[in-house]
Amino acid sequence: MRKTLFLILLCISVLRVNAQNSPITGTVKDAETGEAIIGANVLVKGTSGSTITDIDGKFSIVVPTVNSILKITYLGYSSQEIVVGDRTDMDVFMQEDVIALNEAVVVGYATQKKANLTGAVSVVSGNDIGKRVAVNLSNALQGSMPGVTIQQRSGEPGVDGGVIQVRGTGSIYAGTSPFILVDGVEMSIDQVDPNTVESVTTLKDAASASIYGSRAANGVILITTKRGKKGPVKVNYKGTVTAQSATNLPEPVSTVQFMEQTNLAYNNLETNQPYDPALIEEYRNYRADNWNRFETDWKEEILKDYAVLTNHTINLSGGNENLSFLGVGNYVYQDGLIENNNYSRFSLRLNMDAQIKKWLKFSLDANVVQGQQTVPSVSSSKAIINKSLYMPGVLPGINADGTWGSGKNADNPIAAAKVGGTTVRKRPDITLNATVTANPVNNLDLIAQYSRRIDTNRGTSFIRKWDYYDRGVYLGQAPLTSEGLTETWNENIRNYYRLQANYRFNVNEHAIQALGGFQAEDNTYTNMNIGKGGFDFPGYEYLSNGTGQASATGGATDWAMASFYARLNYVYANKYLLEVNGRWDASSRFASNLRWSLFPSMSAGWVISEENFMKEIEILTHAKIRASYGLLGNQNLNSNYPSWATVSPGYSYWFDKTLNSGVAVVNMSNPDITWEKSSQLNFGLDLGLWQNRLSFTGDFYIKDVNDMLMTFPPPYFQGLNAAYSNAARMRNTGWEVAVNYKGRAGAVNYGISLLLDDVKNEVLDLKGRTYQDKTIVEGYPFRGQWGYQTDGYFQTMEEALDGAYFATKIPKIGYVKYVNRNPEEDNIIDQDDMIYLGDPFPHYNFGVKLNADWKGIDALVFIQGVGQRAAFMSGIGLVPFTNGSSMFSHQLDSWSIDNRNAAYPILLPEANAGDNFQKSDKWVRSGAYGRLKTVEIGYTLPAALTKKWQIDQIRLFFNGQNLLTVSDYYKGYDPEVEYAGSVGGEFYPVMRTFTFGLDIKF
């Protein structure tokens, strides 16, 4: 009987499970108002079946079995999953989605509910980062956080990460970069694989950052990596192939134009022209033979049309109740624009969590990064690129017989890139991070953490000479520097220790959380450099094979810190918020009596939307007012021993008629220096409207930096370098706005995000010190642009004879006319005539993100830019014929009798043109720009199709980066890039990229 009953029940169960194509109808309503929700998405999990609710909130959908699960989602509401069972009709009541406010946000040493934050904090999720195809995490964050300025100043493989500043410049000498922690361990942001990131939190004001004390003066960036979750092992592969090309390059003039313009310059100088008109005509009518007549296309010979970048990531995760893990392997290869210029990186991260007891958890993270950069040895990559742009075509590059030409005084950038030897820099970086978390009683967390990071740099550089010829005649070897091998090695070892207790409890409507801990770290840096020459066997360049004299140097330095920290959070009735932070820091960089300092802060918030009188405003979901004040410190000097006089070797002395090796004191000491200190006052407003579909965050702040460390030059006869003193003061005043909207139109989900911020810097006090170049001036921004005021050109000789000049020059028409601001004193243009021309720091940083998805198709458009920036170009980018160079097409518009309003002054040889190109309002240009930073279109294959292949998800996507830039900057030059170099104007262009990608989840 029991067997018969079991068989009957089994048959019923099978029939029930196998029943197919059952229609289900229902209505979706708001749980509080009972109103119908129009356009809610209803889908059958694990299938491609889906529908949306109609104008009455009703839906009808076919489900395969009674065990099917319906998932109902709608923007602004919490999603629901319902097992169908025997029902054929159902009412679904959806609750307002408050997850966004209740989600945990990583802050200093802990997490907090977003709703309870009282400081200025910006958060970017790993999902948003993943939509920005970037090798470096810094570039993936550009334009995504208000108050965080990121400039990509170079596109060179391996060093193309962004330079980050939080809320402006925070110091003159003590460093301006934010404190970056990855799972609690200090690390370079570009050593982090973007695919491993769970979230990035930036602590911007003193209240949120002061728990990091003397490390937080320039803001704190907290990066949390992904961790394994309970469940079966999941595999995710993401691979991309990218074609890169330069976003912007100036266009060189042709060889004929170069000779004509050179003759014009000498003619304007009323001296002999260097190029015979007959020769120019010969070049015009006949092709170059690369023997007697050269027309070298340096750009074509050196630069590639495009370079390839590949990026592959494999992610494995899974676990059970007792053990979970995440393993991520990533490989990147990025080719450069010239030969022997590339970068590769292999990284492996393993995050493991073991639940040893119900109250005891052990976590172990291991991160291994191996980066390798290859560059030419003879010259830097950006110098070679710029020589390819400005080297005159009349110079011999490659002779007709294939031998190397002499270039310019034996400088041949084609040979330098291809055969001049390479420098290979390898950077293994290993981090181990172990954490024990104990919960002996409810609501009490005890944490012990230890991490060790070993960051090593090893460089091998070999300079190889090449022979160069003139019409078959051997001229010599280049480069003029010695051929030889140099090995460099340095290593930084950092140990980090932390003990912490965190207790939280609730009493009625009172919520209190108290945190306290101790932290210490020590850092040891060691370096060594070895060189040797005399290598006779090509391909076997090892130190032991060299026959020349060896050289060796090396050294070591260290520093340490110890800290106590604490935080108290108090929340009453979810509407009155208070937070108090404090950190007591000690640094080995200062004398023992000045080593310790306290950095406190306080912040408060009022959630006015929780007040009864505000709840009648139907559109208002959330509203919070914030205010904070705190103190921070900065001790991040280049020297680890700034308080002491240091002794340096390499100084010889005579004793008893014999020259002896010795040492000398070269730096003055000041044992009374201590931390730079900054105070910051912040006011903020957070708003959420229409069930948080529209959100707004705004902040205004004033940051005062006091006791800034700076140097005062001693008298020359003293013979010592200056010591640091706590002297200067500076102020940053700024504001930030972020607006986000998420909506739905039919089956289309879409979102719009707008970011805008600005910060004004002012140097308040230098204690009487002045800088002749006016890079730092009281009452103006740090490193502001100073130069001369201009008033067109001298158009007649009478006007030129009456004009003011620099002391050594002769008046001439077509010269730039400078305004003499002190005509009653002299008729000379000098530093007294300088005026302030603008701030080179980016202002009005903005970001606009548009995203949408529809039936498996997703799209993203991101625009980023700067509204105001004063930028100065120098050297080859500005002055024709600089250092024997050619010129660019945009420089052809020069002054003449028939072209009096030209963009450039009268054309002259470089030696005679200097006064026309002094820094002035004519040459300091707007560095404002708008850039179409990212466009991405993706398609996710239907789940019904991928399930047949036993694959969870397949997504194909196309991504474009840096597609279009709008700017009034110098033609051919990028307003964001940094220009420098021995002849000025040198740069490595930012890359425009086109990427095809595949993302598969098993």
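## Close-up views of a predicted model

**View 1. I69 and its partner across the strands.** I69 stands opposite V83, a residue of strand 6. The model is predicted. I69 opens strand 5, which spans residues 69–73. Strand 5 pairs with strand 6 in the antiparallel sense, over 4 bridges. Strand 6 covers residues 80–83.

**View 2. The open sheet around strands 5 and 6.** Four strands build this open sheet, in the order 3-2-5-6. Their pairing is antiparallel. Which strands stand at the edges? They are strand 3 (50–52) and strand 6 (80–83). Each has a single partner strand, so one side of each is left without a neighbour in the sheet. Neighbouring strands here are turned by 20° against each other on average, direction ignored. In general, the strands of a sheet pair through backbone hydrogen bonds.

**View 3. E541 in its loop.** E541 sits in the loop between strand 27 (510–533) and strand 28 (551–572). Is E541 buried or exposed? Its relative accessible area is 17%, under the 20% cut-off, so E541 counts as buried. The E541 side chain makes a polar contact with the side chain of R464, at 3.2 Å. The side chain of E541 also reaches the backbone nitrogen of G539, at 2.9 Å. Which residues does E541 touch, leaving aside neighbours within four places in sequence? They are F462, R464, L485 and F535. R464 thus appears both in this contact list and as the polar partner of the E541 side chain.

**View 4. Helix 9 and its surroundings.** Helix 9 runs over residues 381–390 and is mostly covered. How many of its 10 residues are buried? The count is 9. The buried set is S381, A383, I384, I385, N386, K387, S388, L389 and Y390. K387 is therefore among the buried residues, since it is listed with them. Three elements pack against the buried residues of helix 9. They are helix 8 (298–302), strand 21 (360–376) and helix 10 (413–418).

**View 5. Two aromatic pairs.** The model holds 35 aromatic pairs. One of them joins Y503 and F505. This pair is tilted, with 5.6 Å centre to centre and 35° between the planes. Both rings belong to partly exposed residues: Y503 has a relative accessible area of 36%, and F505 has 32%. Another pair joins F564 and W596. Their ring centres are 6.2 Å apart and their planes meet at 25°, so this pair is stacked. The stacked pair links distant parts of the chain. F564 belongs to strand 28, and W596 belongs to strand 30 (residues 596–607). The two residues are 32 residues apart. F564 is partly exposed at 41% relative accessible area. W596 is partly exposed as well, at 37%.

**View 6. A cluster of rings.** Ring pairs also link residues into a cluster. Which residues belong to the cluster? They are F888, Y969, Y970, Y973, Y979 and F987.

**View 7. Charged side chains over rings.** R167 lies over the face of Y701, at 3.9 Å from the ring centre. K922 lies over the face of W923, at 5.1 Å from the ring centre.

Note on methods
Residues numbered from 1 in each chain as written. Predicted model: local features only at pLDDT ≥ 70, side-chain atom pairs only at ≥ 80, totals over all residues. Heavy atoms only, no water. Buried < 20%, exposed > 50% of the residue type's maximum accessible area, 1.4 Å probe, protein only. Polar contact = N/O pair within 3.5 Å; in protein donor to acceptor, adjacent residues only side chain to side chain. Contact = heavy atoms within 4.5 Å. Phe/Tyr/Trp six-rings, centres within 6.5 Å; stacked < 30°, edge-to-face > 60°. Lys NZ or Arg CZ within 6 Å of the ring centre and 35° of its normal. Pairing = 2+ DSSP bridges. Axes fitted to C-alpha atoms, helices over the stretch in contact; angles between N-to-C directions.
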